[in-house]
Structures are given as structure tokens and as C-alpha cells.
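Open the model in your viewer and keep the sequence panel in sight. Each stop below says what to select and what you will find there.

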Amino acid sequence: MKMKLSAYSSFVLIMAMVSLLKNSSADPTDGFSEVALTEDNFLIQKPYDKPLNERYSYKNGIRRFWVYENDKPFKVGSPTRPRTEVRIKGHDYSSGVWQFEGQLYVPEGTSGVTVMQVFGAVTKSTSLQLRVYNGQLKPYRSDPVATDIYNKWLRLNVIHNVGKGEIKVYVNGKQKVVVYDDGPAEHYFKCGVYAAPDSSSHYMESRWKNIKLYKKRTTDLIMAV
């Protein structure tokens with residue numbers, strides 16, 4: 001009996017290790033289908049009194065967004081802080097499992113700024129804001145998901161499971177945090193630079209490339225039930 005139990009325990013341990021290795025090497029986009037995007041899906045919001053080319057550029061596959069702390073909001077009469085952002089339109093969602101992916105670069109000196117958002121919530125405007133404070137990337141003002149991020153490219157994946165109310169943040173392919181949204185709403189993704197409520201640097205900039213959108217395949221959702 002002892003030998004059988006030992007053999008069974010070894011088998012369970014081996015299978016657990018295999019499962020762990022499989023999960024640790026899994027890519028965040030596994031099981032997702034890419035959603036086709038064209039330039040028509042990229043709506044740029046910028047200070048209303050500035051020409052687009054004074055706050056945004058798109059060259060060699062890199063989207064560069066910049067804004068100043070004393071800039072105007074994106075439309076006349078808006079009480080919001082200055083921003084230059086892209087709002088991914090045409091793919092708003094209120095159900096399913098959706099994923100944003102992009103490579104992010106933040107130059108040294110930029111601080112007090114939101115660089116990515118999951119828009120839509122019940123009691124507030126957003127379910128997630130990823131902000132940069134002094135070289136740290138944080139969900140709002142929570143513990144950082146990445147440190148020492150200045151002057152380097154990071155791969156960022158954000159997965160929103162609407163049914164579970166769950167948002168997972170991955171940096172360079174590794175899951176860093178799970179947060180929860182604010183209840184049922186119409187959601188969409190944004191990225192760029194949007195001055196935080198306080199502690200913003202005079203100049204704020206982020207660069208993005210390889211921005212993609214994914215949706216969980218229906219067959220995978222059925223199998224997970």
C-alpha cells in the first residue's frame with residue numbers, strides 16, 4: 001500500500017509541475033483571436049486648441065503622444081485634465097473577454113500621468129487606469145506592476161473578463177496584478193497621455209507601437225464553463 005501511495009503521489013507531483021511550467025510559459029494572447037484594426041479605429045483626442053501634429057505623431061510604426069500640464073482639455077467646456085490619447089472605437093464591449101496589447105515607452109521625466117485606460121464603470125469613469133509616477137507603472141496609485149520603466153520598451157497586456165468583473169495586467173508576458181472593475185458598463189480601451197489628478201510633470205509623453213486588440217474565442221469560453 002505504501003509503494004502504491006508513493007507512486008501516486010509522485011505522479012500527482014509531476015503533473016502539477018507540468019501544469020505549472022505550462023502556465024508559466026503561456027502567452028497572454030493564447031486562446032484569443034485578434035480583432036482587425038484600421039486607422040479608422042484610432043480616434044485621437046488632444047487639446048482642442050492645438051493642431052494634431054503639435055501633440056501627436058505616427059511614424060515608422062510608433063505613435064508618439066505628448067501633452068503639457070497647462071494644456072487645454074480635449075473639448076471646450078470639459079472639466080477634465082489635459083490629454084493626448086487614442087480611443088479605440090468601433091469595438092466597445094459590455095460582455096465577453098477582451099484584451100488590449102501594446103508596447104509602451106515612457107521617456108525619463110514624465111510623471112503623474114495615465115498611459116492606458118479601460119474606460120467604463122458604474123460609479124466612476126474608468127475600471128482601470130495605468131499611471132506612471134517617477135518611473136513606476138501603477139494601477140491608479142496602488143502598488144507598482146513595473147518599476148524603473150523609463151527609456152525602455154515594455155510589452156503590456158490587459159485582459160478584461162467582463163463576466164467575472166476581473167482585469168489582469170501583464171508586463172513583458174508575466175501577470176502582475178488582478179483588479180476588479182466597477183460593475184456592468186460599456187467599455188473601451190485608451191492609451192496615450194492623460195494628466196493625473198495631481199503631481200503631473202510639466203511635460204508628459206508616451207510612445208506606443210504594435211497596438212492590438214483581441215477577443216476570447218467562443219469555443220474557449222464554452223469549455224471554461
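**Stop one: a hairpin turn**

Select Asn172, which has a positive phi near 55° in the hairpin of β11 and β12, where 2 residues lie between the strands. Bear in mind that this is a predicted model. Now show both strands: β11 covers residues 166-171 and β12 covers residues 174-180. They run antiparallel, joined by 6 bridges. For one facing pair, pick Ile167 and look across to Val179 in β12.

**Stop two: two more asparagines**

Go to Asn60. Its place is the loop between β3 (56-59) and β4 (62-68). Asn60 is not a glycine, yet its phi is positive, about 50°. Is Asn60 buried or exposed? Its relative accessibility is 81%, and the cut-off for exposed is over 50%, so Asn60 counts as exposed.

Next, select Asn151, in the loop between β9 (136-139) and β10 (153-161). Here too a residue other than glycine has a positive phi, about 60°. Asn151 has 40% relative accessibility and therefore counts as partly exposed.

**Stop three: the whole protein**

Zoom out and colour by secondary structure. There are 2 helices and 14 strands. Of the 225 residues, 45% count as buried. Switch on the surface: the protein exposes about 12,000 Å², with carbon and sulfur atoms supplying 53% of it. Among contacts between residues at least 6 apart in sequence, 68% join residues at least 24 apart.

**Stop four: the cores**

Hide the surface and select Met116, Leu137, Leu156, Phe189 and Trp208. These have the most contacts inside the largest nonpolar core, which has 40 residues. Which residues does Met116 contact, leaving aside its neighbours within four places in sequence? They are Phe100, Leu128, Gln129, Leu130, Leu156, Val158, Phe189, Lys190, Cys191 and Trp208. Apart from the largest core lies another, of 5 residues, including Phe32, Ile159, Tyr170 and Tyr214.

**Stop five: a pocket**

Finish at the second largest pocket, with a volume of about 260 Å³. Select Gln117, Ser125, Thr126, Gln129 and Tyr194: of the 18 lining residues, these lie nearest the pocket's centre. Then display β7 (113-119), β8 (126-133) and β13 (188-195), each of which supplies at least two residues of the lining. Which strand gives the most to this lining? β13 does, with 4 residues.

Technical notes
Residues are numbered from 1 along each chain as its sequence is written. This is a predicted model: local features need pLDDT of at least 70, side-chain atom pairs count only at pLDDT 80 or more; totals for chains, interfaces and linings use all residues. Side-chain values use heavy atoms; hydrogens and water are left out. A nonpolar core is a set of buried Ala, Val, Leu, Ile, Met, Phe, Trp, Tyr and Cys residues joined through side-chain atoms within 4.5 Å. Buried means under 20% relative accessible area, exposed over 50%, partly exposed in between (1.4 Å probe, protein chains only). Contact means heavy atoms within 4.5 Å. Accessible areas come from the Shrake-Rupley method with a 1.4 Å probe; for residues, only the protein chains shown count as cover. Two strands pair if DSSP finds at least two bridges between them. On a 1 Å grid over the protein atoms alone, a cavity is a set of points where a 1.4 Å probe fits but cannot get out, and a pocket is an open set with protein on both sides within 12 Å along at least five of seven lines; lining residues have an atom within 4 Å of a point. Grid points are joined across faces, edges and corners, and a volume is the space filled by probe spheres set on the points.
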